[in-house]
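Visitor: I would like to learn how to read a model of this kind, feature by feature. Could we begin with confidence and then turn to the fold and its contacts?

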Amino acid sequence: MIPTDQQVDEDVEAVLAGSRAVVGISVRSLAEAMESLTLQQYRVLVLICSRGPLRSGALAAAIGVHPSTFTRAVDRLVAGGWVTREDNPDTRREVLVAPTERARVLVDQVLARRRAQFEAVLDRMDADGRAAVREGFARFAEAAGDTDMPEATTLGYES
């Protein structure tokens with residue numbers, strides 16, 4: 001059956017409402033971290049906490065900034081105690097950016113807050129509602145083709 005224009009509009013509005021709720025939870029989970037860091041700095045921390053130490057150039061490419069600009073960003077993260085620079089053990093000509101324990105704790109706290117907020121929302125639903133959400137999100141992600149999106153890691157979502 002072909003959906004009517006009205007049904008398509010209702011479907012899109014429902015998806016937009018759901019996405020606003022998900023984004024709202026994500027933003028609230030980041031609020032405390034944003035008191036100390038910019039979003040770009042937080043993204044760097046998430047990347048190196050999830051993937052391990054990375055070259056500055058690889059990090060700059062991952063977050064979409066020019067390497068020369070990124071060097072200054074790393075300088076600020078080092079000064080703030082969020083990251084360290086280490087010699088690459090495989091080739092001493094390269095320097096890796098690695099998270100400090102402080103960075104790992106912060107990223108873990110943000111992810112724990114986000115998870116707790118999602119759990120709280122799901123707890124307010126009955127079993128049928130949770131099953132419908134689970135199936136709906138799975139189908140939506142599959143249709144979107146974003147089931148393995150590496151870019152999501154930069155915002156703290158596991159790919």
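Guide: pLDDT is the predictor's confidence in each residue, on a scale from 0 to 100. In this predicted model the chain averages a pLDDT of 89, and 91% of the residues score at least 70. Where pLDDT is low, the predicted coordinates should not be read in detail. Local features here need pLDDT of at least 70 and side-chain atom pairs count only at pLDDT 80 or more, whereas totals for chains, interfaces and linings use all residues. Residues are numbered from 1 along each chain as its sequence is written, and side-chain values use heavy atoms, with hydrogens and water left out.

Visitor: In what order do the elements of the chain run from the N terminus on?

Guide: Helices (H or I, at least four residues) and strands (E, at least two) are DSSP runs, numbered from the N terminus. The chain has six helices and three strands, in the order α-α-β-α-α-β-β-α-α. Of these elements, helix H3 (residues 56–63) has the lowest mean pLDDT, 90, and helix H5 (residues 101–123) the highest, 96.

Visitor: What radius of gyration does the chain have, against that of a compact globule of 159 residues?

Guide: The radius of gyration is taken over C-alpha atoms, and the globule rule is 2.2 Å times the number of residues to the power 0.38. The chain has 19 Å, where a compact globule of 159 residues would have a value near 15 Å; along its principal axes the C-alpha trace spans about 60 × 30 × 25 Å.

Visitor: How many salt bridges are there, and where do the partners lie?

Guide: Side chains of opposite charge can pair when their charged atoms come close. The rule asks for a side-chain nitrogen of Lys or Arg within 4 Å of a carboxyl oxygen of Asp or Glu, and the count comes to five. One of them joins Arg 85 to Asp 75, with the closest N and O atoms 2.5 Å apart; this pair links distant parts of the chain, Arg 85 being in strand S2 (residues 83–87) and Asp 75 in helix H4 (residues 67–79), 10 residues apart. Another joins Glu 135 and Arg 139 at 2.8 Å, N to O, and both of these residues lie in helix H6 (residues 127–144), four residues apart, about one turn of the helix.

Visitor: Is Arg 139 buried or exposed?

Guide: Buried means under 20% relative accessible area, exposed over 50%, and partly exposed in between (1.4 Å probe, protein chains only). Arg 139 counts as exposed because its relative accessibility is 57%, whereas Glu 135, at 44%, counts as partly exposed.
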